Amino acid sequence: MSGGGGGGGGGGGAIDQHGMITLEDLESFSEDQLSDSGNGSLEEEGETMEAEDGSDRLLHYWQEVARGHQVEVSADMAEPIQQLSSDNQGRSQREHIPFTLLLRKEKCGEQLYEKRHYEKGHWACITMREDTYEQSICYGFMRIMRYICQQNSLGDYLGMTLPIVTIVRTDENHSVISQDVTVAYYLPIEHQAQPPQPYDGEIVIEVWPAATVYTRGFTGPTNEVTIINQINAMAELLDSPGVCVNNSFIVAGYTNPAHSNRENEIWFLERR
């Protein structure tokens, strides 16, 4: 897998409670400002908001979350947000990216990591370079959202897949994350043979080759600090970390930013 000129990617179906992915790397604002929907899915929150005040309230919800990370959500995001947060005429079910489980490493009953194989596939990728990681991932995903929601050569909603992945690059010591961050979306199965082309000239449709990845789940926010910590923790768990790419890693997000226990994974790409 490549992705935006120097990363890897893939997907997963191992987590049972998949919530809607939105601004994947925004931390939630405080719990007393949110109603806990149980599994953290934004589609549930969205349905409640639509019933109350329509799409404006849903847009304002996103804007309030984003503002805490110096991210502006423009008014033209109202329709994509509503599309990804509503039933979409029965097309709202999230498609999980298929993989083959090769190995599950456990110790004392605790799962340490999994080894998975992903087949080659088409991905829509955009590489951002904002001031912070949070800004890059948020602005990148909003542009991917527009592509998913009609700004494509079909002029139609393409469907959501999980996880949304971000490709991060680090120095050799795994202590600093590069400002270049790639956001990648796996095309649904029905669009893999003939991917709709994006109107956004900076979104590139790439064919990522088959790959083997080592994955480890974690919960909570995804920011520069937590990503570095997760990379170093995973490197210590692997029996032979040298078999993996050493300077490019993947963060896979499954749940929305308003949930206090978001489901994420860190992925290491096996060298070819």
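Okay, let's start in the middle, with the largest nonpolar core, which has 50 residues. Which of them touch the most other members? Those are Ile144, Ile148, Tyr185 and Phe268. The biggest giver to this core is helix 4, residues 133-148, which puts in nine residues. And here's a nice bit: domain 1 (44-86) and domain 2 (95-270) both give residues to the core, so the core lies between them. Keep in mind while you look that this is a predicted model.

Why would residues like that gather at all? As a general point, nonpolar side chains in soluble globular proteins tend to be buried together.

Let's zoom in on Ile148. Leaving out residues up to four places away in sequence, Ile148 touches Leu84, Asp156, Tyr157, Leu158, Gly159, Met160 and Tyr185. There's also another core, lying apart from the big one, with 18 residues. Ile167, Tyr186, Ile250 and Leu269 are among the members of that other core.

Now stay on helix 4 for a second, because Arg146 sits there too. Is Arg146 buried or exposed? Its relative accessibility is 18%, and the cut-off for buried is under 20%, so Arg146 counts as buried. And what does Arg146 contact, once you set aside neighbours within four places in sequence? The list is Ser74, Asp76, Met77, Pro80 and Gln151.

Right, let's step back to the whole chain. You can find six helices and 11 strands in it. It has 272 residues, and 53% of them count as buried. The accessible surface is about 11,800 Å², with 43% of that belonging to carbon and sulfur atoms. One more number for the chain: take the contacts between residues at least 6 apart in sequence, and 76% of those join residues at least 24 apart.

Next up, the sheet. It's an open sheet of nine strands, paired antiparallel, and the order reads 2-3-9-11-10-6-7-4-8. Which strands are at the edges? Strand 2 (100-107) and strand 8 (204-208), and each of these pairs on one side only. Going from one strand to the next, the twist averages 30°.

Let's walk along part of that order. Strand 9 and strand 11 run antiparallel and are joined by seven bridges. For example, Gly217 has Glu265 in strand 11 as its bridge partner. Strand 11 then goes on to strand 10, again antiparallel, through four bridges. Glu265 turns up here as well: Ala252 stands opposite Glu265 in strand 11. Then strand 10, residues 248-253, is tied to strand 6, residues 164-169, by six bridges, and those two run antiparallel too. In that pairing, Thr166 has Val251 in strand 10 as its bridge partner.

How covered is strand 11? Mostly: six of its seven residues are buried.

Last thing: how do the helices sit on the strands? Helix 4 lies across strand 4 (121-128), strand 6, strand 7 (181-186), strand 8 and strand 10. Its angle to strand 7 is about 30°. Helix 6, residues 224-237, lies across strand 3 (110-118), strand 6, strand 9 (211-219), strand 10 and strand 11 (263-269). Helix 6 runs at about 120° to strand 9.

So if you go back to the picture, find helix 4 first, the one that gives the most residues to the largest core. Then follow it over to the strands it lies across, strand 7 being one of them. That's it from me, thanks!

Definitions and conventions
Residues are numbered from 1 along each chain as its sequence is written. This is a predicted model: local features need pLDDT of at least 70, side-chain atom pairs count only at pLDDT 80 or more; totals for chains, interfaces and linings use all residues. Side-chain values use heavy atoms; hydrogens and water are left out. A nonpolar core is a set of buried Ala, Val, Leu, Ile, Met, Phe, Trp, Tyr and Cys residues joined through side-chain atoms within 4.5 Å. Buried means under 20% relative accessible area, exposed over 50%, partly exposed in between (1.4 Å probe, protein chains only). Domain bounds come from an automatic or database domain assignment. Contact means heavy atoms within 4.5 Å. Accessible areas come from the Shrake-Rupley method with a 1.4 Å probe; for residues, only the protein chains shown count as cover. Two strands pair if DSSP finds at least two bridges between them. Axes are lines fitted to C-alpha atoms, for helices over the stretch in contact, and angles run from 0 to 180 degrees between N-to-C directions.
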